[in-house]
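Colleague: Before I use this model, I would like to go through the terms applied to it and the values behind them.
Modeller: Here is the structure.

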Amino acid sequence: MGEASVREPDGAGAEPGVRAGDGAVIATRALTKRYRGGQLAVDGLHLTVPEGSVFGFLGPNGSGKTTTIRMLMGLIEPTSGTAHVLGRPMPRSARAVLPHVGALIEGPALYGFLSGRDNLLRYDSADPTADPRTRRVRVAAALDRVGLTAAAGKKAKAYSLGMKQRLGLAAALLQPRRLLVLDEPTNGLDPQGMREIRTLVRALASDGITVFLSSHLLDEIEQVCTHAAVMAQGRLITQGPVADLAAGARGRLAVTTPDPADAARVLKEQGVADVVVAGDRVTGEAPERDLAEVNAALVTAGVRVRGFGVERASLEDAFVALTGEGFDVAG
Ligand SMILES: Nc1ncnc2c1ncn2[C@@H]1O[C@H](COP(=O)(O)OP(=O)(O)OP(=O)(O)O)[C@@H](O)[C@H]1O
Ligand SMILES: [Mg+2]
């Protein structure tokens, strides 16, 4: 890592003022896409993806994640603004940049009648830079990487969704990559399949590959990503290290008690907003005032308190704090 950015024989550099920042693998400035129908899918996006990060691109359905990824990969033209990938402008430098980028966008295109291995052999032979003499070795290594060696001879149409996703990843990994762009890599997978993809992403990241992955699942991003950006309705709401994003939101006050109804009443009297009772747990928005007083009020009112504290804020808390809405809103 850390070598100079990809060069093209024409030597075309990035325009002044829009160069990718130091160590930024992806940098967009005011990136905007309005579809022909008039839909403003991405609206003035400034995105900075640091080298070596596992970057979560988070947003509910229809928030513009796939549209952004398609612009980054040079598949569609932005309406305005710029996108740099590996320091080069897209889509103009697509031919120089894309060989260094593995992508999996909205489910891989596979030939169902071919085996997993034959699908990869086909992908590899479609790559003019791939040496045919080492093709079988490359394909075997990619299958091994994603844990599909044992199932390599099976027809792809007989693969489970998770196996298909892994085969798509294997195709993206046929060549050494600096960047992997994965659009909802765990979409439709069961918890076991999701865990497997997460483990794989972590392993790739530890090899120094920057991974940019989109998801509409907050806890997934929290589990695997070092950095994240949150989108809503085509606009970037926030971005940064995951720990900082969550820390920006105040956590929820949580009281564990055998007297939840009384506790809820006292908490409301104490100015705690959004009080929610779930079994023996009562939670609410932590108030500005000294929490010792809130605790004392509970005890004075005869509420038996087993547990009292502010839970670490999650990304979901941050999202709700930033947008004032729940996460599963449709775009
Ligand atoms: N080809 C297209 N033509 C017109 N509008 C489109 C097109 N593709 C997407 N859109 C619209 O652009 C907006 C953003 O869509 P996009 O697919 O980028 O969202 P997304 O965040 O990837 O959503 P999801 O989580 O459902 O995959 C949506 O309102 C969508 O309806
Ligand atoms: Mg999408």
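The exchange below takes up the ligand shell, the first helix, the nonpolar cores and one residue of a later helix.

Colleague: What kind of model is this?
Modeller: The model is predicted.

Colleague: What makes the approach of Y35 to ligand 1 a polar contact?
Modeller: A polar contact needs a pair of N or O atoms within 3.5 Å. An N or O atom in the Y35 side chain is 3.4 Å from a nitrogen atom of ligand 1, so the pair meets the cut-off.

Colleague: How do you know that G64 and E184 qualify as polar contacts of ligand 1?
Modeller: For G64, a backbone N or O atom is 3.0 Å from an oxygen atom of the ligand. For E184, an N or O atom of the side chain lies 3.3 Å from an oxygen atom of ligand 1. Both values are within 3.5 Å, so both pairs count. Of the 630 Å² of accessible area that ligand 1 has on its own, the protein covers 66%.

Colleague: Which residues come nearest to ligand 1?
Modeller: Among the 13 residues around the ligand, they are G62, G64, K65, T66 and T67. The shell is made up of seven polar, three nonpolar and three charged residues. Helix α1, residues 65-72, gives the most to the shell, with three residues.

Colleague: Why is α1 called largely enclosed?
Modeller: Because seven of its eight residues are buried. The buried ones are K65, T66, T67, T68, I69, M71 and L72. After α1 comes G74, with a positive phi near 75°.

Colleague: Which residues have the most contacts inside the largest nonpolar core?
Modeller: L120, L148, L180, L182, V201 and L213, in a core of 42 residues. Leaving aside residues up to four places away in sequence, L180 touches G102, A172, L173, L204, I209, T210, V211 and F212. A second, separate core has 26 residues, including F57, I76, L179 and F212.

Colleague: Why is A297 called buried?
Modeller: Its relative accessibility is 17%. Buried means under 20%, so A297 counts as buried.

Colleague: Where does A297 lie, and what does A297 touch?
Modeller: A297 is in helix α10, residues 291-300. A297 touches V266 and Q270, when residues up to four places away in sequence are not counted. A263 is 34 residues from A297 along the chain, and their C-alpha atoms are separated by 9.5 Å.

Definitions and conventions:
Residues are numbered from 1 along each chain as its sequence is written. Chains are lettered from A and ligands numbered from 1 in the order in which they are written. This is a predicted model: local features need pLDDT of at least 70, side-chain atom pairs count only at pLDDT 80 or more; totals for chains, interfaces and linings use all residues. Side-chain values use heavy atoms; hydrogens and water are left out. A residue is near a molecule or strand if one of its heavy atoms lies within 4 Å of it. A polar contact is a pair of N or O atoms within 3.5 Å; within protein, one must be able to donate a hydrogen and the other to accept it, and residues adjacent in sequence count only if both atoms are side-chain atoms. Accessible areas come from the Shrake-Rupley method with a 1.4 Å probe; for residues, only the protein chains shown count as cover. Helices (H or I, at least four residues) and strands (E, at least two) are DSSP runs, numbered from the N terminus. Ala, Val, Leu, Ile, Met, Phe, Trp, Tyr, Cys and Pro count as nonpolar, Asp, Glu, Lys and Arg as charged, and the others, Gly among them, as polar. A nonpolar core is a set of buried Ala, Val, Leu, Ile, Met, Phe, Trp, Tyr and Cys residues joined through side-chain atoms within 4.5 Å. Buried means under 20% relative accessible area, exposed over 50%, partly exposed in between (1.4 Å probe, protein chains only). Contact means heavy atoms within 4.5 Å.
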